[in-house]
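Visitor: I am new to reading protein structures. Could you walk me through one?

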Amino acid sequence: MKWQAVAVNTYREAIRDKILYNLLIFALILIGGSILLATLTLGEQSKIIMDFGLASINLFGILMAIFLGIGLVSKEIEKKTLYTVLSKPIGRTEFLLGKYAGLLLTLAINTIIMGVGLYLALMLNQSRWGLSIWDVEPRLVFAMGMIYLELAILTAVALLFSTFTTTTLAAIFTLSIYVVGHISDDLMKMGEKMETPLTGLLLKGIYYALPNLSNFDIKGQVAHKVTIAPSYFFYTTLYALVYCTLLMRIASFIFKRRDLR
Amino acid sequence: MKVIEAEQLTKTYTLGLGQSPLKALEGLDLAVQEGEVFGFVGPNGAGKTTTIKILMGLIHSTSGTAKLLGQSLDNIETKSKIGFLPESSHFYEYLTASEILAFYGKLFGLSNNLIKERTLALLKQVGLESSAHLQLRKFSKGMLQRIGIAQALINDPELIILDEPMSGLDPIGRREMRALILSLKAQGKTIFFSSHITHDVEMICDRVGILVGGRLLRVGRLSEILDTGKETLEDYFIRIVQEGVTTTAERIA
């Protein structure tokens, strides 16, 4: 399948990009640094490492998703590399799918590397206190899975903006969506309390239209061993899938009509 | 058989606020026959690249219709029989010469063995055998143009569309390009190429089309449109461009 060739090429581009390595190394240093931070506390070291480690994975994943995502299409147009690709028998939707899949693959591998780093940090901490190194919170995998779903949505947002605007504007728009996506619950509550019906309606509209990214943040619950219902994972995953599909459809609709001048 | 057909093809670009739209192409009627080398000649900004981009599906025409190999431009599968070199070659710089040819080969759905076989043959044909494992960021402009030609031929196309293929090439490179175009013609392929270098066009084209200000002013065999013995294509080109400009000015007046 042709989209796979585009996906592999997108992955190859990312792994040959030095910025990605810098981000990854920095993330691993931060995760490792969480061990030092944990020594400053009495007890609860694992929770500190988990909290700090997951936050690092989240932050660096978001940086990678946004800064690689915003260039997925716009950079190809700016550098004119798209002309030879789209003159081959590959549709524009298939091309977008390949670009998206390529970045998702890159993010998956990076999340796994950072996750392994976090597990190693936790195991090291366990051994320091004479505890079994295998006694590490297993639900960390779910927390990382949720982070990955958030990255998948942000990548789709960045890709959508990338189809019709410049790299700089796409970065600004995607960052704005990220920020609003994390406060959308508050927007809904504000909307309910608004006296002007129109403002309330507008805030509710934003709540439903923009991705509710706080749904994917279960770092605190996992670090503090709070129970999470399995249905929560199911519905959040479903939400991410539907949202990403919708974004990709809109991106395809726009990109198909665009003139590549 | 008509390999390229265009009827009343028009492209108008909408510009920024307060600016009037730009008519890049105006009612282009064109037919390129199978097996011929067709030169699409015109000064800078005449609409040559716009025409080619419409044919390759990179931009959408405002009105009119076009067909490639008898198929509508919307038919993506037709592109599996077409080779295309865009104006000034831009490729993924992080890939090596053989990697980029493998990538394009995969977009054509070619098997790995066939890609390997064609990559070796094409790199040899364009004189880049020794640079097969060199990243494109280290290539000179001329080398990039050569890899551009190689990627346009990876699928062994029936129709080859080249936008300014001589650009960036030194005299030896231009001579090799002319020889390559003629050898492709000898293999029965149709070649449509744009250029503003009339000397090259004169040497290899069966027919030429002269485009000025988005309008096709003349189409025909060189022997038909040139007053043999008295006029070169360059003289004719300059004369018709000036006439075209005058006509356009009269039309506007």
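Guide: We will take one chain's overall form, then a sheet, a helix and a contact. Keep in mind that this is a predicted model.

Visitor: What does the secondary structure of chain B come to?

Guide: Chain B has eight helices and 10 strands. Its radius of gyration is 19 Å, and the globule rule gives 18 Å for 253 residues, so chain B is as compact as a globular protein of that length. Buried residues make up 43% of chain B.

Visitor: How do I read a sheet? Which strands of chain B form the open one?

Guide: Follow the order of the strands. In chain B four strands form an open sheet, ordered 2-1-4-5, with antiparallel pairing. Strand 2 (22-33) and strand 5 (71-72) each have a single partner strand, so one side of each is left without a neighbour in the sheet.

Visitor: How many bridges join strand 4 to strand 5 in chain B?

Guide: Two bridges join them, and the strands run antiparallel. Look for B:Leu68, which stands opposite B:Gln71.

Visitor: Now a helix. What should I know in general?

Guide: An α-helix has 3.6 residues a turn, so residues three or four places apart point the same way. Now take helix 10 of chain A, residues 197-209. At 1.5 Å a residue its 13 residues should span 18 Å, and its end C-alpha atoms are 18 Å apart, which agrees.

Visitor: How many residues of helix 10 of chain A are buried?

Guide: Zero, so helix 10 of chain A lies largely in the open.

Visitor: How many residues does each chain give to the contact?

Guide: Chain A gives 20 and chain B gives 22. On the chain A side, helix 1 (2-15) and helix 5 (82-86) each supply at least two residues. That side divides into seven nonpolar, five polar and eight charged residues.

Technical notes: Residues are numbered from 1 along each chain as its sequence is written. Chains are lettered from A and ligands numbered from 1 in the order in which they are written. This is a predicted model: local features need pLDDT of at least 70, side-chain atom pairs count only at pLDDT 80 or more; totals for chains, interfaces and linings use all residues. The expected span of a helix is 1.5 Å times one less than its number of residues. A residue is buried if 20 or more other C-beta atoms lie within 10 Å of its own, exposed if 12 or fewer, and partly exposed in between; C-beta atoms are placed from the backbone. Two strands pair if DSSP finds at least two bridges between them. Two residues are in contact if their C-beta atoms, placed from the backbone, lie within 7 Å. Ala, Val, Leu, Ile, Met, Phe, Trp, Tyr, Cys and Pro count as nonpolar, Asp, Glu, Lys and Arg as charged, and the others, Gly among them, as polar. The radius of gyration is taken over C-alpha atoms; the globule rule is 2.2 Å times the number of residues to the power 0.38.
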